[in-house]
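Here are my notes on the model, set out as numbered points. They begin with the contact between the chains and then turn to chain A by itself.

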Amino acid sequence: MNAGQWLLVGALALPALGALGALATPRSADRAGRLVATVAAALAFLASIGLWFGHRASGPAPIRPWHQLDVGWAPGLNLRFHIGVDGISYPLVVLTTLLTLLCCLYTLWTFPALSVAGRAAVPDDPPPSEGGGRTLAALLLVIEVGILGVFLALDLVLFFLFFEVVLLPMYAVIAGWGGANRRAAARKFVLYTLFGSVLLLVGVFVVVAAAGTADLVALSSGRGAALSGGTQLAAFVLLAIAFAVKSPLWPLHTWLPDAHTEAPTVGSVILAGVLLKMGTYGLLRVAVGVLPDGARRVAPVLGVLAVAAILVGGLVCLAQTELKRLIAYSSVGHMGFVLLGIATLTTTGFQAALIGNIAHGVITGLLFFLAGAVKDRTHSGDLAQLGGLRESAPALSGLLGYAAIASLGLPGLAGFWGEAFAVIAALRLGSPLWTVLAVLAALGGALAAAYFLRLLRRVTHGPATPRMTDIGRVTVAEAVSWAPLVVLALAVGLVPALVLGIAHDPVLDLARAVTR
Amino acid sequence: MSIDHVALLPAYFAAGTAVLAFLTDLIAPGRRAPVAAVTALGTVATGAVAILVGRGGARPTFCVPNAGCSYLGDHRGALVAAVFAGLTLLVVALSAPSRLPGEYHFLLACSMTGGVVLGYAGDLITLIIALETLTLPLYALVAMRRRRVESAEGAVTFFVISVVSTAVTLLGAALLYASTGALHFAPLAAALAHGTRPPLTTAAVVLVLAGLAFKVAAVPFHAWAPAAYDGAPVPIAGYLSTASKLGGLIAILYVSLYALAPARDLVGPTLAVLAVLTMTVGNLGALRQHRMVRLLAWSSIAQAGYILAPLGARSHFSDAVAASLGYTVFYVLLEIAAFGAVIALRGADDGGLLADYAGAARRAPWASGAFVLALIGLAGLPPGLAGLFAKVVIVRSLLGGGSAWLAVAVALNAVIGLAYYLRAALALFAPVLSAPAAGPRRAPWPVAIALGAATVAAVVVGFAPQFVLDAVGR
């Protein structure tokens, strides 16, 4: 095994070992357990950074991994442990390891008390802490393993396997550490997304049965048995529904607001920041990459649904009265732009999707950190009870303003590129349908400005409400975990080539493969 | 007719185990440890002999010229015998906390003998007799929870339904004999293969399958299972849902693989409809349960549906059988681990309500962990990789055979399944509202070892599924 392969294995194995280590620490040494988890997350982050060095794309287009590892596992199930990283997956891999590290760091200082299932939950009266912090950190690491596995997998069955890994840990995070209605929200999340996963299972084996291989590299380059048009369409619809649930795409998004609202801060950050990207990444790499014919036939439907998501997300946000719920619905709109980019099936569209993914992960991750900080201090997410943050906590207020403006797509910050490119990609297709979609999507972008400005007016301006007085300053823990995201939102906004440069060649190859 | 006694060794050992258990109980009456030890050793010996003989290649015996053999001494039979022996061993260990009379072990070993012979069966009569030998002792075993009305009720329901189902199967076999003149699998298949099929044969095929469907508690012949499971001592409920169910499945597999293969156009759709009904009704029934053993009983009905599904697909028959058998091995491991955990947490007498498990995760973290892992595995999600691969095996086989609708039915049922498996798992983490429920503070060591062994085995095959696939595929 060469260095690149060791790093690939390390990125998956280190968090797994860290999770075991954190769970193995005794209950009395909770903080030590969280420290173990944080160290593991940091090592995994370093491993993912290390993947950049000595990268050289090799193999047939469109998937030309920099490093890869291919070991047999269960030939009877067409399952190989085939992982690798390329320009499309690399930014997402780093985003995942970074966000997990920040969340683990955050739990070092503060984490919500473990609320045992079944207890009548009263938000203002949290049950006593039971030393669950190390369990929370361990679950975050298991989720990281699943998400990284999805981004790294180059085997369809392995991809499905990792896709399922995140379900139960995320369920446990929401159900164990969530807000008042956590049980219902967690159940909805797990059943809804399992529904997506089982369709993925069926779709994967439709492809495998027809093509005779589960290897993504071979399938994408068309080296498997050629799939007929009917098979492609059926498999693409199955996979698209599976990924649409995860992304989520309107009208399959209804699990998301509940889950995001009820999850603890770190859970929301991981959910919005990277978990949703499993859906868009899967759509791009697996559904579009393996089934280009199916993609071409379904693309207009996807585009219409994506624009519907943008508009519905925006309109619902305008009427939201709960802070985290508003941010959650804004995710529906932002992911709509990402899906619109993919649906155009063009180079520009794919690039819009990739940078949109990263930008949304960074900005929404930051927004959920900030919303969590506000809610932890005021014990309320009700916009009617919030106000005057500017006076009582100027630093927090400034950060919230920054994140909101980044999220609404101000040029110069990360959110701009994905949305602008998605609209341009749709316009460039030229047909009446896509022109209308582009115009509507742009209108949806304007809605984002409206609801974020409304949010800022409610929360930061005006006289301080009783709940807002005497709230603490930004702590060291918060500053440490937020700073990288603040910097990245600006950096990606000023230099989009940070993401687009890495992804340029693979995206070009993919778009060529789809249109051939 | 010469008889190959080496091929018969597993059956001899199994029957010998029963006799020894009976004698030990006579020599040392009232003491359970010697009987349990003898039975356990006997099961180990039976399994070992089955594997050793199975390695040597097929040794058919009781052969009739121009007809075939009644005893197929082949690799697949050896696998079935080994699984039966292993399950019986686990159940013997899990029975340690119960105060059951000495004949308990004798009956258990008798039942195992039926299972061992079943795997080698080469004609319909051997098959039915082996299945009855497997089932008969269970009527008594289900009723062994004395002074409990539910126990007797469960036993009577089970007895009546089982006897009727055997009669139905026998009637089907008789009609088949009447129309084809054959009982051995090979000539039966040959007779069904050519010529038109008279209505009598069609009726016979359906009757045989329906009778066997009773044994696996397939819908609509499932109503006995929850009552019998809940009335029985918990280890016997575990035996019913693993070994006894395995027996019924093996019977269906052998009949549809060897004897009725030419009637695939009839067998396939019948089993497909049975499978979808079984998994759906089983899952929906489980959603409403508040007693742990009843919940597991309904879930095991649903699992039987998944197992039958590949046989209903149009895939190559031996692929379908390998998929069914593969799923069964994964399922049996997880199911026995789940029942083992119930016994470790609650004792062997009563599974109790879901609410009785409150606080179990705090009180007994290891047993609870094993229970949660088994439940998640049955739901087919990581970290229960064994269960995940089991689902993958089924879906892969169905789509390979072009039965996409069956695959979608299996997939959607998995979602329903998760709802109640999660509910059962969550019960362990609920806070204790009243005084701690009665139950053993520490599980006895045989239970702990059995639970540990089943869990470790489930984890190992979860990481190395090819091991199971190779074993069933040959």
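1. A salt bridge is taken here as a side-chain nitrogen of Lys or Arg within 4 Å of a carboxyl oxygen of Asp or Glu. By that criterion the count between chain A and chain B is zero, and the reader should keep in mind that this is a predicted model. Polar contacts do occur across the interface, where four residue pairs are found, with both partners at pLDDT 80 or more.

2. How much area is buried between chain A and chain B? The figure is about 2,800 Å², and carbon and sulfur atoms give 80% of it. On the side of chain A, the residues that lose the most area to chain B are Trp73(A), Leu77(A) and Leu168(A), which together make up 20% of what that side buries.

3. The contact draws 30 residues from chain A and 32 residues from chain B. On the side of chain A that touches chain B, the elements giving two or more residues are β1 (67–74), α5 (156–165), α6 (167–177) and α7 (182–211), and α7(A) gives the most, with 11 residues. Sorted by class, that side of chain A has 23 nonpolar, two polar and five charged residues.

4. Chain A contains 21 helices and two strands. Its radius of gyration is 22 Å, close to the 24 Å that the globule rule gives for 516 residues, so chain A is as compact as a globular protein of that length.

5. Of the 516 residues of chain A, 64% count as buried. Among contacts in chain A between residues at least 6 apart in sequence, 81% join residues at least 24 apart.

Technical notes. Residues are numbered from 1 along each chain as its sequence is written. Chains are lettered from A and ligands numbered from 1 in the order in which they are written. This is a predicted model: local features need pLDDT of at least 70, side-chain atom pairs count only at pLDDT 80 or more; totals for chains, interfaces and linings use all residues. Side-chain values use heavy atoms; hydrogens and water are left out. Contact means heavy atoms within 4.5 Å. Buried area is the accessible area (1.4 Å probe) that two parts lose on being put together, summed over both. A polar contact is a pair of N or O atoms within 3.5 Å; within protein, one must be able to donate a hydrogen and the other to accept it, and residues adjacent in sequence count only if both atoms are side-chain atoms. Helices (H or I, at least four residues) and strands (E, at least two) are DSSP runs, numbered from the N terminus. Ala, Val, Leu, Ile, Met, Phe, Trp, Tyr, Cys and Pro count as nonpolar, Asp, Glu, Lys and Arg as charged, and the others, Gly among them, as polar. The radius of gyration is taken over C-alpha atoms; the globule rule is 2.2 Å times the number of residues to the power 0.38. Buried means under 20% relative accessible area, exposed over 50%, partly exposed in between (1.4 Å probe, protein chains only).
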